[in-house]
Amino acid sequence: KSLLRYNKVTNPPFVDYQSHFYPGDSGIRVCSYPHGRLGKGMRYENLVSSGFTYPVVAGMIYDGNWGDALEICRMIRARQSGLHRSPWNEPECGLLYSRS
């Protein structure tokens with residue numbers, strides 16, 4: 001339950017690390033620090049990517065957390081719907097690199 005509670009973000013005000021997250025988008029970021037950052041934290045902590053998110057969804061389903069898993073899937077599908085960008089070619093780091 002804490003993955004969705006602490007890592008769900010919406011643009012605005014959230015702006016992701018690589019600018020693939022547009023106004024009105026929602027998703028989960030790589031990590032957050034609800035109880036304070038450890039050291040310098042992670043380099044890609046503010047990245048939103050469907051590539052790492054689907055394994056999170058799989059883990060939630062495995063744990064029986066269907067509600068949060070489906071909410072995250074709806075966020076991914078809304079971002080990749082084809083209304084604002086292509087649902088078939090959404091490169092996250094250039095045309096030759098995509099995670100999902």
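Two salt bridges turn up when the whole structure, a predicted model, is searched. Here they are side by side, with the N to O distance for each.

| Salt bridge | Distance (N to O) |
|---|---|
| K8 and E71 | 2.8 Å |
| R37 and E45 | 2.5 Å |

Let's take the pair K8 and E71 to begin with. Their side chains meet at 2.8 Å, N to O. K8 sits in strand β1, which covers residues 8-10, while E71 belongs to helix α3, residues 66-79, so this contact ties together parts that are 63 residues apart in sequence. How exposed are the two partners? K8 has a relative accessibility of 39% and counts as partly exposed. E71 is partly exposed as well, with a relative accessible area of 25%.

Now for R37 and E45, whose side chains come together at 2.5 Å, N to O. Is E45 buried or exposed? E45 is buried, because its relative accessible area is 9% and the cut-off for buried is under 20%. R37, on the other hand, counts as partly exposed, at 46% relative accessibility.

The backbone has something to offer too, in the loop that follows β1. Which peptide bonds are cis there? The bond from N11 to P12 is cis, with omega near -10°, and the bond from P12 to P13 is also cis, with omega near 10°. P12 lies in the loop between β1 and β2, the latter spanning 26-28, and P13 is found in the loop between β1 and β2 too.

Terms used:
Residues are numbered from 1 along each chain as its sequence is written. This is a predicted model: local features need pLDDT of at least 70, side-chain atom pairs count only at pLDDT 80 or more; totals for chains, interfaces and linings use all residues. Side-chain values use heavy atoms; hydrogens and water are left out. A salt bridge is a side-chain nitrogen of Lys or Arg within 4 Å of a carboxyl oxygen of Asp or Glu. Helices (H or I, at least four residues) and strands (E, at least two) are DSSP runs, numbered from the N terminus. Buried means under 20% relative accessible area, exposed over 50%, partly exposed in between (1.4 Å probe, protein chains only).
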